[in-house]
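Q: Could you walk me through this structure? I'd like to ask things as they come up.

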Amino acid sequence: MDFLQGPKIGAAIQHQSPVTSLSYHENGEHLFALTSADSKLYLINAQEGKCSQPAFKCEREGISSVSSTHHDQCVLFTGTGRSQNQVHYWSLYDNKILRKFRGHTDGITNLSMSPIEDLFLTASRDRTVRLWDTEQAGCLAKMDLPSNTEGVPSVVFDSTGLVFAVMAEMTRGQGHYIHLYDVRNSSGGAFSEMKVHASDVQKAMETQRIEVPQNKTLSWKSIDFNLSGNRMLVEADPGVTLILDGYEGTVQRIFQSKTGSATSACFTPDDQSVLVASDAGTVDCWNLQSGTVIKTLEGHLGPVGALKCNPKYSQIASSCTNTCLWIW
């Protein structure tokens with residue numbers, strides 16, 4: 001993506017509430033936008049820049065996050081309230097919930113769909129990670145967090161779909177573990193363990209002159225791989241994005257929004273840049289090699305709460321109460 005030559009806003013889709021989750025279908029033609037405040041899901045035609053039909057409502061279960069599946073009109077979503085510990089498989093074609101996935105005993109905080117098959121992962125406040133198949137009601141595997149960790153885990157597939165990572169905090173604030181698992185042999189335990197010590201992160205922040213407000217400590221929220229699998233992106237509060245080596249877990253870069261506090265971040269499909277959205281309504285485009293901002297995208301009227309790159313086309317989606325589709 002050439003940020004020196006663009007992009008510009010090609011379309012803007014209005015919503016009644018702030019968008020909290022975005023997910024592109026793998027063909028790049030559909031974009032799912034979720035507004036959790038009113039439990040609405042918008043099916044956006046990414047090529048035409050408009051909603052294909054009125055928003056879908058799911059008020060009984062509520063919706064907290066959404067993920068596309070390999071079917072272009074079916075999604076997975078996590079619920080709210082009494083449904084917060086369940087995942088729902090929703091067909092938008094006939095507006096029916098096809099299956100509910102139960103097993104977690106507390107709220108689900110993280111959902112990751114396999115890029116190659118109908119498997120997906122969930123992480124929960126019950127301190128377990130579960131592996132599922134969209135075609136089966138029960139979970140295929142369950143992993144309990146060990147006693148030398150605390151807090152809530154985060155989980156993600158890599159781009160090959162053969163490996164997944166589980167991130168968990170060390171006890172006494174010493175740092176974080178990142179364990180890598182073979183999808184076909186997850187019961188055999190992690191084949192790789194990375195330790196990212198808090199002291200190493202602090203040194204990297206001092207070197208790169210990243211400031212965190214007083215009396216604040218970094219709280220890691222989520223983890224993701226780039227397409228090549230050689231880097232990982234960690235979103236952390238308050239408003240910091242960390243780039244780690246995908247094999248060793250060493251800190252390579254730390255990005256902090258120049259205009260506000262970071263709210264969402266993602267790799268670009270070419271693995272050359274990282275996009276960081278902020279509560280100031282901007283999106284900073286960082287070059288991974290130089291560690292500098294190439295461009296800042298402006299145009300949102302409020303905080304940007306969700307951000308995604310189209311997996312097939314040169315397009316970026318960013319959302320406040322409007323979803324902007326940026327094109328070249």
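A: What follows is a chat about sheets, salt bridges, a pocket and some backbone details.

Q: What kind of model is this, and how are residues numbered?
A: This is a predicted model, where local features need pLDDT of at least 70 and side-chain atom pairs count only at pLDDT 80 or more, while totals for chains, interfaces and linings use all residues. Residues are numbered from 1 along each chain as its sequence is written, and side-chain values use heavy atoms, with hydrogens and water left out.

Q: Okay, sheets. What is the strand order in the open sheet that has β11 in it?
A: The order is β11-β12-β13-β14, an open sheet of 4 strands with antiparallel pairing. Strands here are DSSP runs (E, at least two residues), helices are runs of H or I of at least four residues, and both are numbered from the N terminus. Two strands pair if DSSP finds at least two bridges between them.

Q: Which strands are at the edges?
A: β11 (108-113) and β14 (141-144), each pairing on one side only. On average, neighbouring strands of this sheet are turned by 15 degrees against each other, direction ignored. For that angle, axes are lines fitted to C-alpha atoms (for helices over the stretch in contact), and angles run from 0 to 180 degrees between N-to-C directions.

Q: How many bridges join β13 to β14?
A: 4 bridges, with the strands running antiparallel; β13 covers residues 128-133. One pairing involves V129, whose bridge partner in β14 is M143.

Q: And the open sheet with β7, what is its order?
A: β7-β8-β9-β10, again 4 strands with antiparallel pairing. β7 and β10 stand at the edges with a single partner strand each, so one side of each has no neighbour in the sheet. Neighbouring strands are turned by 25 degrees against each other on average, direction ignored.

Q: How many bridges between β9 and β10?
A: 5 bridges, in the antiparallel sense, with β9 spanning residues 87-91. V87 has F101 of β10 as its bridge partner.

Q: Switching to charges: how many salt bridges are there?
A: The count is 6, where a salt bridge is a side-chain nitrogen of Lys or Arg within 4 Å of a carboxyl oxygen of Asp or Glu.

Q: Which residue does E61 pair with?
A: E61 forms a salt bridge with K100, the closest N and O atoms being 3.6 Å apart. E61 is in the loop between β6 (56-57) and β7 (65-68) and K100 is in strand β10 (residues 96-101), so the pair ties together parts 39 residues apart in sequence. R60 joins in as well: R60, E61 and K100 are linked in a network of salt bridges.

Q: Is E61 buried or exposed?
A: E61 counts as buried, at 5% relative accessibility, whereas K100 is partly exposed at 27%. Buried means under 20% relative accessible area, exposed over 50%, and partly exposed in between (1.4 Å probe, protein chains only).

Q: What about K221, which residue is its partner?
A: D237, with the closest N and O atoms 3.6 Å apart. K221 lies in strand β19 (residues 219-225) and D237 in strand β20 (residues 231-237), so this salt bridge ties together parts 16 residues apart in sequence. K221 is partly exposed, with a relative accessible area of 37%, and D237 is partly exposed at 33%.

Q: Anything odd in the backbone around there?
A: D237 and P238 are joined by a cis peptide bond, with omega about 0 degrees. P238 lies in the loop between β20 and β21. Another cis peptide bond joins G6 and P7, and P7 sits in the segment before β1 (8-14).

Q: Why flag those?
A: Most residues other than glycine have a negative phi, and most peptide bonds are trans.

Q: What is the phi of S39, then?
A: About 55 degrees, a positive value although S39 is not a glycine. S39 is in the loop between β3 (30-35) and β4 (40-45), and counts as buried at 10% relative accessibility. R127 also has a positive phi, near 65 degrees, and lies in the loop between β12 (119-124) and β13.

Q: Last one: where is V240?
A: V240 is in strand β21 (residues 240-245) and is buried, with a relative accessible area of 1%. Leaving aside neighbours within four places in sequence, V240 is in contact (heavy atoms within 4.5 Å) with residues including I210, L218 and F255.
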